[in-house]
Amino acid sequence: MIKEAIILAGGLGTRLQSVVSDVPKPMAPVNGKPFLEYLVRYLLKFGIQKIIFSVGYKSEAIVEYFGTYFENITIVYAKEEEPLGTGGGLKKAIEKCTTENVLILNGDTFLELDLNEFYNFHQLENADISLCLRNMINTSRYGTVKINDQKRVIAFQEKTGENTQGLINGGVYIFRRKKFNAFDLPEKFSLEKDFFEPNLKNLTIIGYTGSGYFIDIGIPEDYQKAQIDFKGFE
């Protein structure tokens, strides 16, 4: 059972600012609740005991809402004084973790999956990093991920804008903390471009393919779609 989770919630959310400008993107209201609350309550169902929010832009909105304890989960904050990128934000947050395996999620996406099954997969494959992938009919908005027959991630490909089928990064990971900490990483960096891609041969990064509900609220169209999809969702 995995006990600690990091939620990356420090982005500026520039594509969504035409409809949500007064709070950080993960706090965008969906049917009267912050999007982030749906993620937290989802983690609660799987026994997560501690969440570290990686925060930056307008972080006070997140701190004020969640405090240091929400439902049965301890809340901790790792604040960026300036944007550090997804990698830099994660590096700062993972310092506040104590367990060997840590769940990591993007704060502006939701991918429905059985986290216990995902963790068992991670252990069975003896992965340094497990990455949850999602098969999409139309990958035009996303970069794609290639895996081999052993499920090992072998390439990340930039988005092309083409309407093609493929696997995308679902924004949910499990990291072996000590493996990540063993790297001499800069203060600011991109998790995918500056860490994953250069280290595909140095790390065992395994792709777990999920088929559950997925949404990325990063653009106004999908943000509006979430208002419909999340009705009745707890």
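Biologist: In which helix is T86 found?

Modeller: The model we are looking at is predicted, and in it local features need pLDDT of at least 70 and side-chain atom pairs count only at pLDDT 80 or more, while totals for chains, interfaces and linings use all residues. Residues are numbered from 1 along each chain as its sequence is written, and side-chain values use heavy atoms, with hydrogens and water left out. Helices are DSSP runs of H or I with at least four residues, strands are DSSP runs of E with at least two, and the numbering of both starts at the N terminus. T86 belongs to a helix that covers residues 85-94, and this helix is α3.

Biologist: What is the relative accessibility of T86?

Modeller: A residue is buried under 20% relative accessible area, exposed over 50% and partly exposed in between, using a 1.4 Å probe and protein chains only. T86 counts as partly exposed because its relative accessibility is 38%.

Biologist: Which residues is T86 in contact with, leaving aside its neighbours within four places in sequence?

Modeller: Contact is used here for heavy atoms within 4.5 Å. With those sequence neighbours left aside, the contacts of T86 are L8, F189, S190 and L191.

Biologist: How many Å separate the side chain of T86 from the backbone nitrogen of L191 that it reaches?

Modeller: A polar contact is a pair of N or O atoms within 3.5 Å, where, within protein, one must be able to donate a hydrogen and the other to accept it, and where residues adjacent in sequence count only if both atoms are side-chain atoms. The side chain of T86 comes to the backbone nitrogen of L191 at 2.9 Å.

Biologist: How many salt bridges does the structure hold?

Modeller: Side chains of opposite charge can pair when their charged atoms come close. To count as a salt bridge, a side-chain nitrogen of Lys or Arg must lie within 4 Å of a carboxyl oxygen of Asp or Glu. The number of salt bridges in this structure is 12.

Biologist: With which residue does K151 form a salt bridge?

Modeller: The closest N and O atoms of K151 and its partner E125 are 3.7 Å apart. The pair links distant parts of the chain, 26 residues apart, with K151 in the loop between β10 and β11 and E125 in the loop between α4 and β9. K151 is partly exposed at 37%, and also partly exposed, at 26%, is its partner E125.

Biologist: Which side chain meets that of D128 in a salt bridge?

Modeller: The N to O distance in this salt bridge, between D128 and K179, is 4.0 Å. Distant parts of the chain, 51 residues apart, are linked here, since D128 lies in the loop between α4 and β9 and K179 in helix α5. D128 counts as buried at 8% relative accessibility, whereas partly exposed, at 40%, is its partner K179.

Biologist: Which helix gives the largest share of the largest nonpolar core?

Modeller: A nonpolar core is a set of buried Ala, Val, Leu, Ile, Met, Phe, Trp, Tyr and Cys residues joined through side-chain atoms within 4.5 Å. The largest one has 50 residues, and I7, L43, I51, F53, I62, F66 and L103 touch the most other members. Seven of the core residues, the largest share, come from one helix, namely α1.

Biologist: Why is α1 largely enclosed by the rest of the structure, and how many of its residues are buried?

Modeller: Among the buried residues of α1 are F35, L36 and L43. The helix has 11 residues and is largely enclosed because the number of them that are buried is eight.

Biologist: At what angle do the ring planes of F53 and F66 lie?

Modeller: Rings of Phe, Tyr and Trp (its six-membered ring) pair if their centres lie within 6.5 Å, and planes under 30 degrees apart count as stacked, over 60 as edge-to-face and the rest as tilted. By this rule there are 24 aromatic pairs. F53 and F66 have ring centres 5.2 Å apart, and the pair is tilted because the angle between the planes is 45 degrees.
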